[in-house]
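Here is a short report on one predicted protein model. Interior space comes before the sheet, the core and a few single residues.

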Amino acid sequence: GTITSVDATSTGTKTTVDTLALNLKGVTVAAGNNVIVDADVKTLNVNSSTTASTLGILTAAGATTVNVSGDAKLTITGATTLTAVKDIVVTNTAGFDLGATTLAAGTTFTGGAGNDTIILAGAQTKAITMGAGNDKVTYAGALGTGGSVAAGEGNDTIVMTVANALLADDNSTFNTTFTGFETLELNTSAAGTINLTGINGVSTVVMATGVGHVIVLDNLVS
């Protein structure tokens with residue numbers, strides 16, 4: 001059902017608990033409301049099963065590893081505080097949507113068999129593998145040293161502004177660091193010619209906003 005608040009604070013003298021299991025089944029936390037995990041928790045295991053769950057905000061400031069498992073999709077709609085996170089591993093078969101949260105540049109993300117959605121910070125320095133499923137990645141610029149994004153199996157979408165697409169399309173670096181995308185989603189409108197060969201040779205372009213400019217889609221695969 002709907003969570004309003006959970007207080008799991010221990011007032012006694014206890015050994016620090018550094019691993020927490022958060023088990024969800026059809027849970028809804030309204031937008032703007034926060035699920036806060038104690039900063040002592042270093043490994044957060046979130047299982048979303050049976051019925052999909054949606055969290056407004058998830059704060060786990062001390063967690064270095066977040067594991068998302070289960071068979072029902074987990075969606076986070078708001079900005080998530082994962083200040084210390086280094087690894088996010090998804091084995092959830094229905095998918096994980098990180099919502100409005102930007103994946104920190106030094107975080108490794110391993111997607112699962114479901115439809116996973118993430119937003120990049122830009123200069124990612126770690127490997128990101130989206131796994132199977134129809135995944136969506138929002139681009140924010142060229143990756144840093146050591147960074148890579150492999151879309152994997154499924155019909156995968158890279159989301160870009162027109163300005164970013166124009167910068168990436170004639171630069172061979174994009175096709176060496178980003179692989180496996182079939183769809184380009186443009187979320188702004190600006191004039192320009194986009195060479196789609198330079199963006200993984202995508203065969204589908206989605207206009208996610210009103211088009212108020214002349215946009216030429218060059219080398220669109222038939």
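The largest cavity of this predicted model holds about 50 Å³ of space. How many cavities of 30 Å³ or more does the structure hold? The count is 1. Its lining is made by Val46, Leu58, Val66, Val68, Leu74, Ile76, Leu82, Ile88, Phe96 and Leu98. Three elements give two or more residues each to this lining: β6 (65-69), β7 (74-76) and β9 (96-103). By class, the lining has 10 nonpolar residues, with no polar and no charged ones.

The second largest pocket has a volume of about 150 Å³. Its lining consists of Tyr139, Gly141, Ala142, Leu143, Asn164, Leu167, Ala168, Asn171, Thr173, Phe174, Thr177 and Phe178. Helices α1 (162-168) and α2 (172-177) each supply at least two of the lining residues. Here the classes are mixed: 7 nonpolar and 5 polar residues, with no charged residue.

**The sheet**

Eight strands form an open sheet with parallel pairing, in the order β1-β3-β6-β8-β10-β12-β14-β16. The edges are β1 (19-24) and β16 (178-179), and each of these pairs on one side only. In general, strands of a sheet pair through backbone hydrogen bonds. Strand β1 runs parallel to β3 (residues 43-48), and 6 bridges join the two. Within this pair, Leu24 has Ser48 of β3 as its bridge partner.

Further into the order, β6 and β8 pair in the parallel sense over 4 bridges. Thr65 stands opposite Asp87 of β8. Strand β8 also pairs with β10 (residues 108-110), again in the parallel sense, over 3 bridges. There, the partner of Val89 is Thr110 in β10.

Which side chains of β8 (residues 87-90) are buried? Ile88 and Val90 are; they point to one face. Asp87 and Val89 point to the other face and are not buried. So the two bridge partners named above for β8, Asp87 and Val89, sit on the face that is not buried.

**The core**

The largest nonpolar core has 49 residues. Ile88 and Ile158 have the most contacts inside this core. Ile88 is also one of the residues that line the largest cavity. In soluble globular proteins, nonpolar side chains tend to be buried together.

What does Ile158 touch beyond its neighbours within four places in sequence? The contacts are Val137, Tyr139, Phe174, Phe178, Phe181, Thr183, Leu184, Glu185 and Ile199. Among them, Tyr139, Phe174 and Phe178 also line the second largest pocket.

**Single residues**

The table gives relative accessible areas for four residues.

| Residue | Relative accessible area | Class |
|---|---|---|
| Thr117 | 19% | buried |
| Leu166 | 30% | partly exposed |
| Ala39 | 43% | partly exposed |
| Thr50 | 59% | exposed |

Thr117 is found in strand β11 (residues 117-120). Why does Thr117 count as buried? Its relative accessible area is 19%, and buried means under 20%. Leaving out residues up to four places away in sequence, Thr117 touches Phe96, Asp97, Leu98 and Lys136. Of these contacts, Phe96 and Leu98 also line the largest cavity.

Leu166 belongs to helix α1. At 30% relative accessibility, Leu166 is partly exposed. Beyond residues up to four places away in sequence, Leu166 is in contact with Ala191, Gly192, Thr193 and Ile194. Gly192 lies 26 residues from Leu166 along the chain, yet their C-alpha atoms are separated by 7.2 Å.

Ala39 sits in the loop between β2 (34-36) and β3. Its C-alpha atom is 7.0 Å from that of Ala63, which is 24 residues away in sequence.

Two residues have an unusual backbone angle for their type. Most residues other than glycine have a negative phi. Thr50 is not a glycine, but has a positive phi of about 70°. The loop between β3 and β4 (53-55) holds Thr50. Thr50 counts as exposed because its relative accessibility is 59%, and exposed means over 50%.

Asn200 also has a positive phi, of about 60°, and is not a glycine. Asn200 lies in the loop between β18 (192-195) and β19 (204-207).

Conventions: Residues numbered from 1 in each chain as written. Predicted model: local features only at pLDDT ≥ 70, side-chain atom pairs only at ≥ 80, totals over all residues. Heavy atoms only, no water. Pairing = 2+ DSSP bridges. Core = buried A, V, L, I, M, F, W, Y, C linked by side-chain atoms within 4.5 Å. Buried < 20%, exposed > 50% of the residue type's maximum accessible area, 1.4 Å probe, protein only. Contact = heavy atoms within 4.5 Å. 1 Å grid on protein atoms, 1.4 Å probe; cavity = no way out; pocket = protein on both sides within 12 Å on 5 of 7 lines; lining within 4 Å. Points joined across faces, edges and corners; volume = space filled by probe spheres on them. Nonpolar A, V, L, I, M, F, W, Y, C, P; charged D, E, K, R; others polar.
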